[in-house]
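Here are my notes on this entry, point by point. Please read them with the structure open.

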Amino acid sequence: MIVLGLDTSGYDNAVGITDGDKVLADSLFSAKTDSLEQIVANIDSVLKDAGLAIEAVDGIGVGLGPGSWTGIRVGVTVGKMLAFATAKPVAGIPTFEALAYTARDSSRLLCPIISVGAGDAVYAGLYNFKNNEIMRKGDYYVGGIAGLTELITESCVVIGTDISSMAEAIARATGKDVIPLERKPCGAAVACLAAKRLARGESDDVLALTPLYLKESTAKAFVNKYAKKS
Amino acid sequence: MLVLGIETSCDETAAALVEDGRLVLSNIIATQFDLLKKYGGVVPEIAARRHTELIGYIVKESLDRANKTLDDVEAVAVSSKQGLIGCLMVGVAAAKSISYARHIPLIGLHHVEGHIFANRLSHPELPFPHVCLTVSGGHTMLLYVKDGSTYELLGTTLDDAAGEAFDKVAKFLGLLYADRNTGGGRIIDELSREGNRKAFSFPRPMFRRKELDFSFSGLKTAVINKFKGPLARGEKLPLPDIAASFQEAVVDVLVAKTMRAAAEKRVNSVSVTGGVSANSRLREVFTETCQEKGIEVFFPDLSLCTDNAAMIAAAGYARIMRGETSDLRLNVFPNAPLGG
C-alpha cells in the first residue's frame, strides 16, 4: 500500500511516501511562512521524483499537529481534500506520534516536545514503543517546561527541534538521564503510522478531519474565563 | 464548463457549482452567526478553525445538491485576495488540492471581483461599462467597470465599511444578541420599517465632498455618543426610530456618491452588490433616484448579496475564458488591490 504522508505543523513542509515498510521518499522543504504556497507543489515534486502519479497513492496520512495553527490548518485541509478528491482513505496522525516514531529504536520513555511559540510554553506527549506499536502514556501536556518535568519520572528521550537546552533543563530538574534527539516533523513517519492504521481499517472520516490544536484561541479562552466568572 | 467555486474570505464557508458562469446549480453557504453573536464580531482564529471543520462538508454538499460528482467539475475558482488571511488560506488550500488531484484548472481571484459578478449572475443583461457600488461588512467601494476584467476604483471607505457600521450599531443597541440567526444589517433593516427615518438627524459623512470616498466611523460614533448615556441609565430607547434614522444616513450617502460617480463616468447603468445591497431601504431609494435620472439600476438576487461561492465561480469562469489560470503555488493576499 502506497501512502503519502504530510506534516506542515512546523516551519517546514514534510512530505514522505511509503510502500509497506519501505520508505520511497522523505523530504523536508523549508517553508517559514509560505506553507500554503509550497505544499501542493512540493507534494507534486516528491511524487514525480518517486515516479508516481497522485492516482497511485492508496491512502493519505496527515500530521494533525500540534504546532503552528496556520500550518496545521493548511496540512489538514490539503490532506483531507486530496483524500476527498481522489476518493482515498485518510488517517490523521498526531505530530507527537510521528516524532516519537522516529526514536522507535529506543526502549526508553519517548517525549516529543513542540514549542507553543509563546514564552517557554510547550506541547508534549509521553510515549513508549512496545511490540512494534507506539503507545501514549496519559494525556497530552500544554504548559511550561517546569510542569512537564513533574510528569517525567524515568530516563527518557526528548524529541523535537532546538531540543538540547530543553533536555538539559529536564535532566537538571528530574535528575534523570535525558537524551536529546533533534528531529523535525517527518512525512515518512506520518505515512508509516497512517499505513498501519489504514491496514487495520482505522481510517478517519475524510470530511470530519480537524487539526489537533490543543489550545483554544486567545479570544475563546478569554470569553470562557469571563463567562465562568460571571 | 462546470466550475466549482470556493469562498472563505471572512466568516462564511461557501461552495457552489455554476455552469458556464451563468447557471447556478448549487450555492451552499454556512454562516458563522452563532460565533458572531458570542464574540460580538469575527475573531479571525475562530473563523479559520470553523472553515477548516466545514470546508469538506460544504464542498460535498455543493456537489450533492447539484447532483454532480467531482468527475463533472472542470475547474475550481477560489477567493484568494482580500479577506482574513487565515480564513482565505483554508479555501485556497482546499481549491488547489482539488485542482491538483483532479487535474483541472485553478483560478484564484479577488473577493470583490466576485461581488461584481454576482449581479451578472442575476442579470446577464447588465451592460458594460457601468458603475458598481459594492458594499458589505468588509468593504465599501465605487468602481467603474469597463468590461468583465478591467475596473477603475473611484472611491472606497476611509475607515469602517458600511456593513460594519450596521453591525456595530446593532451590537451597541443590543440587537445582535436577540435570538436571531442573522447579522446586524438585516436586523436594522427590519426594525427600521416601524421607525421614523427623520426622528434623529445623524451626520452624512463626506456627503458634500466631491471625492467619491466614504467614511462611516463618525456616523457610527455619533449614534453611540447620542445614546450611550440613556442606555447606561437603563432608559428605554426608541429603537425603530434610531435604526431608521441611522439607516437613512447610510443610504443617503451611498446613493448620492453612486449617482455622482454615474454622472462623472456618464453611464446609464448602476450595479449595487454585496451584503448591504440586500437592504430594502437602499433598494427603494436607489430605484426611486435612478428612475428620476433615467438610469437603470441592478441588484443581485438576495441569495447572491452576502458572501457566496456562486459569484466566485462566475468570476473565475470569466477569467478562465480569457485564458488565465493560477498554478499550484497560488497564495493568499489579504490586502490585494482589485484588478490585475
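1. Start in chain B. Ser80(B) sits in strand β4 of that chain, which runs over residues 75–81. This is a predicted model, and that applies to every point below. Is Ser80(B) buried or exposed? Ser80(B) counts as buried because its relative accessibility is 1%, and the cut-off for buried is under 20%.

2. Which residues does Ser80(B) touch, leaving aside those up to four places away in sequence? Leu88(B) and Val92(B) are on the list, followed by Gly108(B) and Leu109(B). The rest are Leu330(B), Asn331(B), Val332(B) and Phe333(B).

3. Next, Gln82(B). It is placed in the loop between β4 and α3 (85–102) of chain B. Its phi is positive, near 70°, and the residue is not a glycine. Gln82(B) has a relative accessible area of 16%, so it is classed as buried.

4. A second positive phi is worth a look. Asp20(B), also not a glycine, has phi of about 50°. The residue belongs to the loop between β2 (12–19) and β3 (23–31) of chain B. Is Asp20(B) buried or partly exposed? With a relative accessible area of 35%, Asp20(B) is partly exposed.

5. Asp147(B) is another loop residue. The loop in question lies between β7 (140–145) and β8 (151–156) of chain B. Relative accessibility is 31% for Asp147(B), so the residue counts as partly exposed. Its side chain makes a polar contact with the side chain of Thr150(B), at 2.9 Å. As for Arg281(B), 134 residues separate it from Asp147(B) in sequence. The C-alpha to C-alpha distance of that pair is 29 Å.

6. Check the cis peptides. In chain B, Phe128(B) and Pro129(B) are joined by a cis bond with omega of about -10°. Pro129(B) falls in the loop between α4 (111–122) and β6 (130–135) of chain B. In chain A, the cis bond joins Gly65(A) and Pro66(A), with omega of about 10°. Pro66(A) is in the loop between β4 (59–63) and α2 of chain A.

7. Now the domains of chain A. The assignment makes domain 1 from two segments, 2–95 and 185–213. Domain 2 is 96–182. Taken over C-alpha atoms, the two domain centres in chain A are 23 Å apart.

8. How much area is buried between domain 1 and domain 2 of chain A? The figure is about 1200 Å², with 66% from carbon and sulfur atoms. Pro66(A), the proline of the cis bond in chain A, reappears here. Together with Thr95(A) and Leu193(A), Pro66(A) is among the residues of domain 1 that lose the most area to domain 2. These three give 36% of what the domain 1 side buries. In contact terms, 17 residues of domain 1 of chain A meet 12 of domain 2.

9. Polar links between these domains come next. One salt bridge is found across the interface of domain 1 and domain 2 of chain A. The side chains of Arg200(A) and Glu133(A) form a salt bridge at 3.6 Å, N to O. The domain interface also has six residue pairs in polar contact. Helix α6 of chain A, residues 187–199, gives the most to the domain 1 side, with five residues. By class, that side has 12 nonpolar, three polar and two charged residues.

10. Last, the interface of the two chains. Contacts involve 37 residues of chain A and 34 of chain B. About 3000 Å² is buried between chain A and chain B, and carbon and sulfur atoms give 68% of it. How many salt bridges are counted between chain A and chain B? The count is one. Arg73(A) and Glu45(B) meet through their side chains in a salt bridge at 2.9 Å, N to O. Nine residue pairs are in polar contact between the chains.

11. On the chain A side of that interface, α1 (35–49), α2 (69–86) and α7 (218–229) each supply at least two residues. The largest share comes from α2(A), with 13 residues. The class split for this side is 21 nonpolar, seven polar and nine charged.

Key. Residues numbered from 1 in each chain as written. Chains lettered and ligands numbered in written order. Predicted model: local features only at pLDDT ≥ 70, side-chain atom pairs only at ≥ 80, totals over all residues. Heavy atoms only, no water. Domains from an automatic or database assignment. Contact = heavy atoms within 4.5 Å. Buried area = accessible area lost by both parts, 1.4 Å probe. Salt bridge = Lys/Arg side-chain N within 4 Å of Asp/Glu carboxyl O. Polar contact = N/O pair within 3.5 Å; in protein donor to acceptor, adjacent residues only side chain to side chain. Helix = DSSP H or I, 4+ residues; strand = E, 2+ residues; numbered from the N terminus. Nonpolar A, V, L, I, M, F, W, Y, C, P; charged D, E, K, R; others polar. Buried < 20%, exposed > 50% of the residue type's maximum accessible area, 1.4 Å probe, protein only.
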